[in-house]
Amino acid sequence: MKQLEFTTLRLFAAVAEAGSLSAAAEKSNIAVAAVSKRISDLESSTGSQFFHRHARGMTLTPAGRALLQHARQILFGVDRMHMDLSQYALGAKGLVRVAATGSAVTQFLPGELKRFGDLHPNIAIDLSEWTSEQIVDAVLDGRVDMGIFIGPSGNDAIATHPYHTDRLCLVVPRGHPLAARPSVRFADTLDEDFIGLSPSSSIAQHLMAASGGKLKVRINVRGCDALCRMVAEGLGIGVSPYLIVRHYVSATPVELVALEDDWAQRQLLIGIRSGDDGLSGAAQSFLAHCIEAAARTPG
């Protein structure tokens, strides 16, 4: 089999993600005919068909899905190499790639990153904010050194360590009938209109599942700040991590009500690939720092 070229793999991945030759060509700033020839030559040299051709585009065959998985690992590895080298050129002595949920980024990581930076000023942290599912995939693919996500991981290929816990609460307008209650079951709120977070967020997906698809989302917003402001205007109620929204009670006319459901308390985990002895010294230091910080924090 002819050796695969890096440019061809990048174009293959572009076609797979875009679903058509023309869209991939536009994104890659190359002629459609050139992309088509690269894909045809790739299939000929490997003896495999990677795409089903349709009138409206192209979809991956089983062989194509397998190649895409390998291609992404190679492409991410090369991109990672370039980024690592650029950090070292700027004077960094180490680089740690971390992916975390919005809850971890907002509630816990700022202080821990500050303390870690004070102790290790020459270690750079590349932090990405993704959903828990995306983070697990990124850890498995090697795109990040470690991930911080809502447990469980659901994959034996990831070794996990306990991180912080957070608790979801109900956010209601001041004076709302639910505001007089010390706690409430989520099922008893489903007659209300909700202000929802981004549908791709872990919280939004969990609430939709917990409601059996009955959640009435009136408006979607990107963050808890906007959620509280919408709730304060009486546009609906919402659900958010308590440690994030507790600060809004004094600034906006909202009240927080505890959710009685067991799932409202969430365990965050730090995950790395199982048996991954290849963590850099910088990544090992940051992992130990986060585990120790979580252990020192009262539940």
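In sorting lining residues by character, Ala, Val, Leu, Ile, Met, Phe, Trp, Tyr, Cys and Pro count as nonpolar, Asp, Glu, Lys and Arg as charged, and the others, Gly among them, as polar. By this scheme the lining of the largest pocket divides into eight nonpolar, eleven polar and four charged residues. The model examined here is predicted.

The largest pocket has a volume of about 540 Å³. Its lining is made up of 23 residues. Closest to the pocket centre are G102, S103, E129, S201 and R222. Three elements, α5 (102-107), α8 and α9, give two or more residues to this lining. Helix or strand, the element that gives the most is α5, with three residues.

The interior was examined next. In soluble globular proteins, nonpolar side chains tend to be buried together. The largest nonpolar core in this model holds 29 residues. Within this core, L170, F186, V239, V245 and L259 touch the most other members. Several elements each supply at least two residues of the core: β6 (158-173), β8 (193-197), α8 (202-210), α9 (224-232), α10 (242-245) and β11 (254-259). The largest share, five residues, comes from β6. Two of the elements named here, α8 and α9, also give two or more residues each to the lining of the largest pocket.

L170 illustrates how this core is joined. Leaving aside neighbours within four places in sequence, L170 is in contact with L178, V184, T189, F194, I237, G238, V239, E255, L256, V257 and L259. Among these contacts, V239 and L259 are also listed with L170 as touching the most other core members.

Apart from the largest core lies another, of 23 residues. Its members include A104, V105, Y163 and L268. L268 lies in strand β12 (residues 265-273). With a relative accessible area of 0%, L268 is buried, because buried means under 20%. Not counting residues up to four places away in sequence, L268 touches T101, A104, F108, I148, F149, I150, H161, P162, Y163, H164 and D166. Two of these, A104 and Y163, are named members of the 23-residue core. L268 and H161 are 107 residues apart in sequence, yet their C-alpha atoms are 8.9 Å apart in space.

Aromatic contacts were then considered. A pair of aromatic rings is described by the distance of the centres and the angle of the planes. The structure holds six aromatic pairs. One of them joins F12 and F50 edge-to-face, at 5.8 Å centre to centre and 65° between the planes. This pair links distant parts of the chain, 38 residues apart. F12 belongs to helix α1 (residues 6-18), whereas F50 sits in the loop between α3 (32-46) and β1 (51-54). F12 is buried, at 0% relative accessible area. F50 also counts as buried, at 5% relative accessibility. Ring pairs link F12, F50 and F51 into a cluster.

Another edge-to-face pair is formed by F116 and F286. Their centres are 5.0 Å apart, with 80° between the planes. F116 lies in helix α6 (residues 109-119) and F286 in helix α11 (residues 281-296), so the pair ties together parts that are 170 residues apart in sequence. F116 counts as buried, at 1% relative accessibility. F286 likewise counts as buried, at 1%.

How values were computed:
Residues are numbered from 1 along each chain as its sequence is written. This is a predicted model: local features need pLDDT of at least 70, side-chain atom pairs count only at pLDDT 80 or more; totals for chains, interfaces and linings use all residues. Side-chain values use heavy atoms; hydrogens and water are left out. Rings of Phe, Tyr and Trp (its six-membered ring) pair if their centres lie within 6.5 Å; planes under 30 degrees apart count as stacked, over 60 as edge-to-face and the rest as tilted. Helices (H or I, at least four residues) and strands (E, at least two) are DSSP runs, numbered from the N terminus. Buried means under 20% relative accessible area, exposed over 50%, partly exposed in between (1.4 Å probe, protein chains only). A nonpolar core is a set of buried Ala, Val, Leu, Ile, Met, Phe, Trp, Tyr and Cys residues joined through side-chain atoms within 4.5 Å. Contact means heavy atoms within 4.5 Å. On a 1 Å grid over the protein atoms alone, a cavity is a set of points where a 1.4 Å probe fits but cannot get out, and a pocket is an open set with protein on both sides within 12 Å along at least five of seven lines; lining residues have an atom within 4 Å of a point. Grid points are joined across faces, edges and corners, and a volume is the space filled by probe spheres set on the points.
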